[in-house]
Each structure stands twice: as C-alpha cells, then as structure tokens.
Amino acid sequence: MVSEPIIRFRDAAKVFPGGRRRPEVRAVDGVTLDIEAGEIFGVIGYSGAGKSTLVRLINALEKTTSGAVVVGGRDLTGLGESQLREVRAGIGMIFQQFNLLSSRTVAGNVAYPLEVARWAKAEREARVRELLEFVGIADKADVYPSQLSGGQKQRVGIARALATNPRILLADEATSALDPETTRDVLRLLQRVNRELGITVVIITHEMDVVRYACDRVAVMEHGRVVEVGDAYSVFSGPQAAVTQRFVGTSLRDRPSDETLARLRERHPARLVVVGIDEVTGSTRAISQVLRGEGVEPAVIYGGITEVADKPYGSLTFELTGPDDAVDAAVERLRAVTDVDDLGTAAHPRRAPSLAARGRDDAGPGPASLAPTTDRRPGGGPFGGPTGLTEGNL
C-alpha cells in the first residue's frame, strides 16, 4: 500500500495585495507538488522565486490565497489558530541567521520550545541533553550563542527544531551564512536526522550544490511557479527548464569557458572533444574501450568528476591526436556510447552551443558551430569548485 505524501500542494497560490505605489505580488502561483514522507526534498530558486513563501505555507505562517496545502493529512485551509498550533507542533524549522536567543545558554535555547509546550522540568532537561549529544555539542550546554561559531549556532538551531519530536523539518536557507566545510557538516547532520529519526526534511536554498549534496528530489521555482521537479541526479544530468540549466551551469564547472578553450588550443592544436561521464549509462568503461582503438592518441586536458546523489557525474575534455579518418571514427564511436561535444581543432574550431544554452556566465562570443552537438551538463568540484585535471595520456 502506497502511503500518502506528507505534504501536498494543490494549485496553491499566495498573493500579496498591492498598494497605491506597488503592484500586487504573486509570490506562489498555482503550485501543485507532493513531498513524500521520509525524503530530503529541495526547493531551489533565485531570489524572489517564491521558495521562502512556499515553505511558510507548510507551517501556515502564511495562508494560501487560493488552492490547498495538506500537511500530514490535514488541509490547512480554514483551520483556526488553535488547530494550526497542533499542526505546527509537528514541524520544526531552522533559519539562515539561526534566530537564537542571545540571553539564553545553548541548553536554554533548546529548552525554550519545550517550556512553551509545558514539558516537566526533568523531562525537559533529559531531552535537551539527548539533543545536544545528537548534534555534537553536548560540551556547549552552558555557553551563550555569542561564544559559538556559525556551524555550532546552526547545530543549536537544529537541536531546538527537533525538541518536540517533529515529523517535518524545514530548513530555510539554513547553510547560506556558512562556509563550504561547515555547510557540508550541517548537511551531513540533516542527512543523519533524516536517516536515523525518519524525519522528512525540506531544504529551501538558492545553492545548487546543497541540492546536489543532500537532496533526494528537488523542485525548481521561478516567478512563484514550480517549473521542474525530479530526482536530484536527473535534474543535474538533464535539466529541462532554462532556469534549471542556469543553476546547473553555475554549479558544475568542468567544461572549459571560451577563454579557457582559447588557452587550451594554444597548447593542444589537435581535435578536442568533451565527453560526458555518466554512471547511469555506464559510459566510463565504454569510453575507455573506444579510445583504445588504433591510430588515435587520447590525452585528458580538462574536466572533472563530481558526485550527484552519490553517483559520479561529469565530463572530460580530450585532445585526440592522429590521422583525420581515425579521429573521425573515434568520435563517432564515442557518440554511440555517451554525449559528445566536438570542439574541432585549433585550425578549424567548432563552438559547442551547450555553453550558451545553459546560460553560463562565461559563454561569450566564439566561433560559429560547424556541427550540432548535444547539450550535456557536466560535473564540477565539491560545492561549486572546479575539479581541474592535469594534462596526461589516458
């Protein structure tokens, strides 16, 4: 028997009315979306896309203008404040700026929602100890927030959000104020919350790397609408909406820009091809077999591999040296097993249109394309850093 989604949006809209000098804003515009129990679900969009408003509809901090939001089987439309408090008791929330009470210790901050819920003192103290141990800061119980690092503050925020045993945890830009290493630590903790406690986690972010690292599925928002939904690997490897392509292009940076390609051509005048690496299609082994063919000498000159949803993904740029007919044959064999962008030679360059199609900032003017190419979106280094590979023979 298939369980019902824990969160359901049905043509949900939130409109903020205009005034004399400002137009109305459709922050959420006709969203229909299901979030399954027990998954880590990402909602991504640029500033103003409506993602934070969407998450506030889940805990009814904002009420829908039209449509419905159903949480844990309860339609929030028309519920009174006392009924909404019952729903909110099952939802924890963590924030970008931590929202800790500066006058309270770490233990006092975690205890606060338990005091509001009127837990007995002994039970409250036991729960606080348990949670601080779980998030890894038991030794900070008597410390004040001003004495903590950003990562430690967010751990306090997570412990506080878990205090009342919620079924859902909402993380609204929870890692945006953190450095990359601390971001990974916090995301690992959220994965542990999901895996060990069975809590559904909804992550609101403008960082594709957060989705790549932590999420099972993702919804992409633009102008209040959900324009694409899918599992994280599918969205990265084959984004459909233009805004998703822009996100992927800025996150996965292992294809050479026009400027980089020009420098590569100075050192590598032979045929250059960008070859997609995709574990799902098993292309890696097939590529190696193809490039062992007679008459062609392959050398990796650029590229990188990353992980998306625990699966390797990315691309490599090869220089293929040899007789023209042998190189042509090698390129055709590569096309049979994976996606290939043929960049031509230094003397006869070809431009891969995929850079422009992905909305890359580095997709400047270049030589006209002489042949169609695929629109492969390759991988990059952890958390947006490029994984450059040194030149060398395969």
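This is a short walk through the structure, one selection at a time.

Before you click anything, know that the model is predicted: local features need pLDDT of at least 70, side-chain atom pairs count only at pLDDT 80 or more, and totals for chains, interfaces and linings use all residues. Residues are numbered from 1 along each chain as its sequence is written, and side-chain values use heavy atoms, with hydrogens and water left out.

**Stop 1: the six-stranded sheet**

Switch to cartoon view. Helices (H or I, at least four residues) and strands (E, at least two) are DSSP runs, numbered from the N terminus. Find the open sheet of six strands, ordered 6-7-8-3-9-10 with mixed pairing. Two strands pair if DSSP finds at least two bridges between them. At the edges sit strand 6 (91-95) and strand 10 (225-231), each pairing on one side only. On average, neighbouring strands here are turned by 15° against each other, direction ignored. Axes are lines fitted to C-alpha atoms, for helices over the stretch in contact, and angles run from 0 to 180 degrees between N-to-C directions.

Now select residues 40-44 and 200-205. These are strand 3 and strand 8, which pair in the parallel sense over five bridges. For one rung of that ladder, pick Gly42; its bridge partner in strand 8 is Ile203.

**Stop 2: helix 9 on the sheet**

Add residues 242-251. This is helix 9, packed on the sheet and touching strand 3, strand 9 (217-222) and strand 10. The direction of helix 9 makes about 115° with that of strand 9. Contact means heavy atoms within 4.5 Å.

How many residues of helix 9 are buried? Seven of the ten, so the helix is mostly covered; buried means under 20% relative accessible area, exposed over 50%, and partly exposed in between (1.4 Å probe, protein chains only). Colour the buried ones: Val243, Thr244, Gln245, Phe247, Val248, Gly249 and Ser251.

**Stop 3: Tyr46 and Thr53**

Show Tyr46 as sticks, in the loop between strand 3 and helix 1. Tyr46 is partly exposed, with a relative accessible area of 33%. Leaving out residues up to four places away in sequence, Tyr46 touches Lys51, Val243, Arg246 and Phe247. Try a distance label too: the C-alpha atoms of Tyr46 and Thr205 are 8.5 Å apart, although these positions lie 159 residues apart along the chain.

Move on to Thr53, in helix 1. Is Thr53 buried or exposed? It is buried, with a relative accessible area of 15%. Thr53 touches Lys14, Phe16, Ala27 and Val28, again not counting residues up to four places away in sequence.

**Stop 4: two positive phi values**

Most residues other than glycine have a negative phi. Two exceptions are worth a click. Ala60 has a phi near 60° and lies in the loop between helix 1 (51-58) and strand 4 (66-71). At 9% relative accessibility, Ala60 counts as buried. Phe98, with a phi near 75°, lies in the loop between strand 6 and helix 3 (106-116). Phe98 counts as buried as well, at 11% relative accessibility.

**Stop 5: helix 3 against helix 5**

Select helix 3 together with helix 5 (residues 150-162). They pack at an angle of about 30°, with their axes 7 Å apart. That makes helix 3 roughly parallel to helix 5; angles under 35 degrees count as roughly parallel, over 145 as roughly antiparallel, 65 to 115 as roughly perpendicular and the rest as oblique.

Which residues make the contact? Show Val106, Asn109, Val110 and Pro113 of helix 3, then Val156, Ala159 and Arg160 of helix 5.

**Stop 6: strand 11**

Finish at residues 271-278. Eight of the eight residues of strand 11 are buried, so this strand is largely enclosed by the rest of the structure. Arg271, Val273, Val275 and Ile277 point one way, while Leu272, Val274, Gly276 and Asp278 point the other.

Strand 11 pairs with strand 13 (residues 311-321) in the antiparallel sense over eight bridges; there, the bridge partner of Ile277 is Gly314. With strand 14 (residues 340-344), strand 11 pairs in the antiparallel sense over four bridges, and Val273 stands opposite Asp342.
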